[in-house]
Amino acid sequence: MVCSAPKTPLTYVKHDEEILAARDAARAKLPQLRDNFNDGFAPGEFMFVKAPFTTTDGGNEWMWVEVIEWKGDRIRGLLQNDPFHVPELRAGAEVVVAMGDVFDYILQRADGTSEGNETGRLMQKYER
C-alpha cells in the first residue's frame with residue numbers, strides 16, 4: 001500500500017473561529033494518537049500531521065508530514081508536500097515538528113478509511 005497525504009494546492013485561508021475550532025478538536029486527540037502510534041499501528045496504517053514551516057516572508061506554509069517517530073512533544077517525519085514558499089525544503093525531506101504546532105492530522109487505516117483532516121474539509125468548503 002502506498003501512503004500519501006492529500007495533494008493540496010496552495011490555498012490561502014484566514015484562521016477564523018470555525019477553522020480554529022477544528023484545529024483545537026484535532027489537537028485534543030493528539031495525546032491518544034501519539035500513544036496509539038507508539039503502541040504500533042496495524043500493518044498498512046499511517047499517520048500524517050499538518051504543521052507550519054516558516055516562509056521566506058516570515059509567514060507560515062502548512063504542509064503534511066508522515067509521522068515516523070513520536071517522542072513526547074517531538075514528531076519526526078517525512079515532508080509530503082513540495083512547498084511553494086520554503087525553498088530549502090522538498091517533499092521527502094526529514095523534518096521535526098512540535099506537537100503543539102500541529103494543526104490537523106490524518107489517520108489512514110489499512111482498509112482505506114481515514115479520520116481527521118477536518119481543517120482540510122473546511123478549506124474545500126471555502127474554495128467553493
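Is R23 buried or exposed in this predicted model? R23 is buried, with a relative accessible area of 18%. The legends below begin with the chain as a whole and come back to R23 later.

**Figure 1. The chain is built from two helices and six strands.** Read from the N terminus, the elements follow the order α-β-β-β-β-β-β-α. The chain has 128 residues, and 39% of them count as buried. Its accessible surface comes to about 7300 Å², and carbon and sulfur atoms account for 50% of that area. Among contacts between residues at least 6 apart in sequence, 56% join residues at least 24 apart.

**Figure 2. Six strands make up an open sheet.** The order across the sheet is β4-β3-β2-β1-β5-β6, and the pairing is antiparallel. The edges are formed by β4 and by β6 (114-116), each of which pairs on one side only. From one strand to the next, the twist averages 35 degrees.

**Figure 3. Strands β2 and β3 form a hairpin.** Strand β2 covers residues 60-71 and strand β3 covers residues 74-79. The two strands run antiparallel and are joined by six bridges. Within this pairing, V67 stands opposite G77 of β3. Two residues lie between the strands of the hairpin, and G72 takes a positive phi near 60 degrees.

**Figure 4. Strand β3 also pairs with strand β4.** Strand β4 consists of residues 94-98. Five bridges connect β3 and β4, again in the antiparallel sense. Here I75 stands opposite V97 of β4.

**Figure 5. Helix α1 lies across four strands of the sheet, and R23 is part of this helix.** The strands in question are β1 (46-54), β2, β5 (104-108) and β6. Helix α1 runs at about 35 degrees to β2. The helix spans residues 17-39, and R23 lies in it. R23 counts as buried because its relative accessible area is 18%, and the cut-off for buried is under 20%. When neighbours within four places in sequence are left aside, R23 is in contact with V102, F103 and T119.

**Figure 6. The largest nonpolar core has 23 residues.** Which of these residues touch the most other members? They are M47, V49, F53, W70 and I75. The elements that give two or more residues to this core are α1, β1, β2, β3, β4 and β5. I75 thus appears in two views: as a residue of this core and as the one opposite V97 in β4.

**Figure 7. F53 has contacts with many residues elsewhere in the chain, among them G59, N60 and E61.** Residues up to four places away in sequence are not counted here. F53 also touches M63, V65, L79, V86, L89, V95 and V97. F53 is one of the core residues that touch the most other members.

**Figure 8. R76 takes part in salt bridges with E69 and with E94.** Side chains of opposite charge can pair when their charged atoms come close. The side chains of R76 and E69 meet at 3.1 Å, N to O. Those of E94 and R76 also meet at 3.1 Å, N to O. E94 lies in strand β4 and R76 in strand β3, so this pair ties together parts that are 18 residues apart in sequence. E94 counts as exposed because its relative accessibility is 51%, and the cut-off for exposed is over 50%. E69, R76 and E94 belong to a network of salt bridges that also includes K71 and R74.

**Figure 9. E115 and R109 form another salt bridge.** The structure holds seven salt bridges. In the one between E115 and R109, the closest N and O atoms are 2.7 Å apart. E115 is partly exposed, with a relative accessible area of 25%. R109 is likewise partly exposed, at 25%.

**Figure 10. Q108 of strand β5 is placed beside residues from another part of the chain.** Not counting residues up to four places away in sequence, Q108 touches G44, E45, F46, F48, T113 and S114. How many residues apart along the chain are Q108 and M47? They are 61 residues apart, and their C-alpha atoms are separated by 6.0 Å. M47 is also one of the residues of the largest nonpolar core that touch the most other members.

How values were computed. Residues are numbered from 1 along each chain as its sequence is written. This is a predicted model: local features need pLDDT of at least 70, side-chain atom pairs count only at pLDDT 80 or more; totals for chains, interfaces and linings use all residues. Side-chain values use heavy atoms; hydrogens and water are left out. Two strands pair if DSSP finds at least two bridges between them. Buried means under 20% relative accessible area, exposed over 50%, partly exposed in between (1.4 Å probe, protein chains only). Contact means heavy atoms within 4.5 Å. Axes are lines fitted to C-alpha atoms, for helices over the stretch in contact, and angles run from 0 to 180 degrees between N-to-C directions. A nonpolar core is a set of buried Ala, Val, Leu, Ile, Met, Phe, Trp, Tyr and Cys residues joined through side-chain atoms within 4.5 Å. Accessible areas come from the Shrake-Rupley method with a 1.4 Å probe; for residues, only the protein chains shown count as cover. A salt bridge is a side-chain nitrogen of Lys or Arg within 4 Å of a carboxyl oxygen of Asp or Glu.
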